[in-house]
Amino acid sequence: MTSAAPAPAATPGTTPSATPAIAAIAYHDGEFVPLERAQVPVTTQALQYGTGVFEGIRAYAQHDGGLAVFRGHDHYLRLLRSARTLRIEVGHDAAQLTGLTAELLRRTGSTGDVYIRPLAYKRALLPGTPPGVQLQGVSDALSINAFRMGSYTDRGGISCAISSWRRPQSDTLPVRAKVTGGYVNNALAVDEARAGGHQDAILLNSRGQVAEASTSNVFAVIGGRLVTPPVTADLLEGITRDTVITLAADLLDTRTDQRDLGREDLLQADEVFLTGTGSEIVPVIGIAGRTIGSGSPGPLTTALMTAYHDVVRGRHSRYHHWLQAVGSAEA
Ligand SMILES: Cc1ncc(COP(=O)(O)O)c(C=O)c1O
């Protein structure tokens, strides 16, 4: 997953998102190897046809020390669901994958905020399989790498375009799976938005309703109610989306309506924000050249940002089950 905002500013004490791995180690083909050995041949099926699935996971430095992976188990459950769609055998269950991730972070010596990128993909034709676009008769592979990445969210808010690229519908692409090839759509949308001077794109679905942003889900505050499009709006069911719905209900006594939103709803909203593992919670203060709300992050957005950052840093014991401690190398 990439940043919604251009050239994001790094959080003090962290390196910018483009910086490579901490100690450059990856879990690749069943072993921990130096990152430079985690290579794929040019004949890799996923490289040619986009037949890979991936996740973006964050680990956060905790307020009382140590590092913890945020909702890693949920991300790996989604990876396994995505993999099933493409007939990719990951070879590990979610518990084993979270264990491998913790081990990777220990080996890299990570102590600050980290972004973790698991990728399961179609690799090579099995003996006897003729060349061609196919999912069966092709071997599978798994790779996980991690690199240091602090918050890059522009907390003052970003501007979004409404993309001319529509989000594909689920009988065109499995949009609820996080499939590498599908991200051509997202990349084109971001490219168009940035060429127009915006930081991110909001994509409508084939019915003209709001689907999501390039790598985030969309929320709006309309008439005092928190609203987000339903999963049937051809969006990726974000884990941050679920976190925000939960925190809004538990901590802010605010229920989220899941209903279709039109472009007009967003333009007239009091607040709009995006949610994603990488981007966290980003206020949207402009859409398609219109100012949203007061033109600065609204009260509900701000309260949710505070709650989210407290939760991921381990300040709320109620949500400790979402945090998996990495532990030290000696542990
Ligand atoms: C297309 C798309 N939508 C939404 C999201 C937000 O999902 P999550 O909150 O699980 O990171 C992402 C990020 O993975 C994404 O790539």
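These questions and answers walk through how some features of this predicted model get their labels.

Residues are numbered from 1 along each chain as its sequence is written, and side-chain values use heavy atoms, with hydrogens and water left out. Because the model is predicted, local features need pLDDT of at least 70 and side-chain atom pairs count only at pLDDT 80 or more, while totals for chains, interfaces and linings use all residues.

Q: Why is the pair of Phe70 and Trp322 called edge-to-face?
A: Rings of Phe, Tyr and Trp (its six-membered ring) pair if their centres lie within 6.5 Å; planes under 30 degrees apart count as stacked, over 60 as edge-to-face and the rest as tilted. The centres of Phe70 and Trp322 are 5.8 Å apart and the planes stand at 85°, so this pair is edge-to-face.

Q: What parts of the chain does this pair tie together?
A: Helices (H or I, at least four residues) and strands (E, at least two) are DSSP runs, numbered from the N terminus. Phe70 belongs to strand S5 (residues 67–70), and Trp322 to the loop between helix H7 (299–312) and strand S17 (323–325), so the parts joined are 252 residues apart in sequence.

Q: How do you know whether Phe70 and Trp322 are buried or exposed?
A: Buried means under 20% relative accessible area, exposed over 50%, and partly exposed in between (1.4 Å probe, protein chains only). Phe70 has 5%, so Phe70 is buried, and Trp322, at 9%, counts as buried.

Q: What makes the pair of Tyr319 and Trp322 stacked?
A: The angle between the planes is 20°, with 5.0 Å from centre to centre, and the pair is stacked. Tyr319 has a relative accessibility of 2%, so Tyr319 counts as buried.

Q: Which residues do ring pairs link into a cluster?
A: The cluster holds Phe70, Tyr308, Tyr319 and Trp322. By the ring rule, the count comes to seven aromatic pairs.

Q: How do you know that the length of helix H2 (residues 72–85) agrees with what is expected?
A: The expected span of a helix is 1.5 Å times one less than its number of residues. H2 has 14 residues and should span 20 Å; its end C-alpha atoms are 20 Å apart, so the two agree. Buried residues of H2 include His75, Tyr76 and Arg78. Just after H2, Arg87 has a positive phi of about 55°.

Q: What is the reach of H7 from its first C-alpha to its last?
A: H7, with 14 residues, reaches 20 Å, close to the 20 Å expected. Among its buried residues are Leu304, Tyr308 and Val312. Gly314, which follows H7, has a positive phi near 85°.

Q: Which residues come nearest to the ligand?
A: A residue is near a molecule or strand if one of its heavy atoms lies within 4 Å of it. Of the 18 residues around the ligand, Tyr183, Glu212, Ile239, Thr240 and Thr277 come nearest.

Q: What makes the approach of Thr277 to the ligand a polar contact?
A: A polar contact is a pair of N or O atoms within 3.5 Å; within protein, one must be able to donate a hydrogen and the other to accept it, and residues adjacent in sequence count only if both atoms are side-chain atoms. An N or O atom in the side chain of Thr277 is 2.6 Å from an oxygen atom of the ligand, so the pair fits the cut-off. Arg78 offers a polar side-chain atom 2.8 Å from a ligand oxygen, and a polar backbone atom of Ile239 is 2.7 Å from one.

Q: Why are S6 (residues 114–125) and strand S3 (residues 52–54) said to pair?
A: Two strands pair if DSSP finds at least two bridges between them. S3 and S6 have three bridges and run antiparallel, so they meet the rule. Gly52 stands opposite Tyr121 in S6. S6 is also joined to strand S7 (residues 138–148) by 10 bridges, again antiparallel, with Leu142 in S7 as the bridge partner of Ala120.

Q: Why is Asp250 called partly exposed?
A: Asp250, which lies in helix H5 (residues 239–252), has a relative accessible area of 33%, so Asp250 falls between the buried and exposed limits.

Q: Why does Glu280 count as buried?
A: Its relative accessible area is 0%, so Glu280 is buried. Glu280 sits in strand S15 (residues 280–287) and has a positive phi of about 60° although it is not a glycine.
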